[in-house]
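Colleague: I'm new to reading structures, and I'd like to learn how to make sense of buried residues and salt bridges. Could you walk me through it?

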Amino acid sequence: MTKKIKSTTQDHLSLILELYNRIPQGRKTTAQLLQMELMQAGIERDIRTIQRNLDLISNYFDVDKDTRDKPYGYSKKLHPKMVLGPRESIILGLAEAYLRAALPNGLSSVIDSAFIQIQDSSISTRLPFLSIKKIRVDMNMQPNIPNDQFSCTFERICLALTCQRLITIKEHNHTVLKNVEPLGLILTDTELYLIHRTQEIEHMPVSRIQAIEVSTFSFNYPENFDLGSYDLLFLKQKENENLLHKSQLTI
């Protein structure tokens, strides 16, 4: 069952939250840069609308507005830092190294932004000799994730998953799937899969997706669905068997 989101209230609130979540801490961004980020996520708003909402955010949220130079700069206020011990610091380092090995170079700036914010909001104790040179992920990971347009596609998938919105998928073979319910992402050593539902719950390699449109319609997440129990391995084996069968028929 779908339900339309009221543009006068929930759409406006959604835009404010999208802007707020993209304002960094410890460095500044501008209305123009935020407009570009929103466009990548499939949200198109004129610069005046963005500036007007940034004024609201700076008035009511923990956001500073720097009006000394144009374009104006926006940044989240610094808060007391959390303390990271040796174990937590190593785990964060391993997580960052793993993501850099698993995801395409197009997401390097996003990974940088995420971990910089963690580092800026924390302090490490008794770690004078800790270095990224002491942390390495040595895994034979060659995910079939294209760099071209991936950042834009990934941004829209994240938006749809987070806001539980219906999407339209256009594949590279020109197949179009409408009213798709995104349910989750599974990263394997060879592929990033989008788990979704139309009539049935299925999966699709993100590398097959050419473009995604995020709808303003939401959907009810299936209560009996458990992403952790989704049998991706079995289905991948079935796919490989089908591909092998097709290749044998063409010989």
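Modeller: Sure! Buried means under 20% relative accessible area, exposed means over 50%, and partly exposed is in between. Keep in mind that this is a predicted model. Arginine 22 has a relative accessible area of 14%, so it is buried.

Colleague: Which residue does arginine 22 form a salt bridge with?

Modeller: A salt bridge needs a side-chain nitrogen of Lys or Arg within 4 Å of a carboxyl oxygen of Asp or Glu. Arginine 22 pairs with glutamate 37, and their closest N and O atoms are 3.6 Å apart. Arginine 22 sits in helix H1 and glutamate 37 in helix H2, 15 residues apart. Glutamate 37 is partly exposed, at 32%. Both belong to a salt-bridge network with Glu18 and Glu155.

Colleague: How many salt bridges are there by this rule?

Modeller: The count is 10. Another one joins lysine 65 to aspartate 55, with 2.6 Å between the closest N and O atoms. Lysine 65 is in strand E2 and aspartate 55 in helix H3, so this pair ties together parts 10 residues apart in sequence.

Colleague: Let's look at H3, then. Which of its residues are buried?

Modeller: They are Thr49, Ile50, Asn53, Leu54, Ile57 and Ser58. Looking down the axis of H3, you'd find them within an arc of 165°, so they line one face of the helix. The face turned away from that buried side carries exposed Arg48 and Asn59.

Colleague: And what caps the N-terminal end of H3?

Modeller: Aspartate 46 does: one of its side-chain oxygens lies 3.1 Å from the backbone nitrogen of arginine 48.

Terms used
Residues numbered from 1 in each chain as written. Predicted model: local features only at pLDDT ≥ 70, side-chain atom pairs only at ≥ 80, totals over all residues. Heavy atoms only, no water. Buried < 20%, exposed > 50% of the residue type's maximum accessible area, 1.4 Å probe, protein only. Helix = DSSP H or I, 4+ residues; strand = E, 2+ residues; numbered from the N terminus. Arc of directions from axis to C-beta. Polar contact = N/O pair within 3.5 Å; in protein donor to acceptor, adjacent residues only side chain to side chain.
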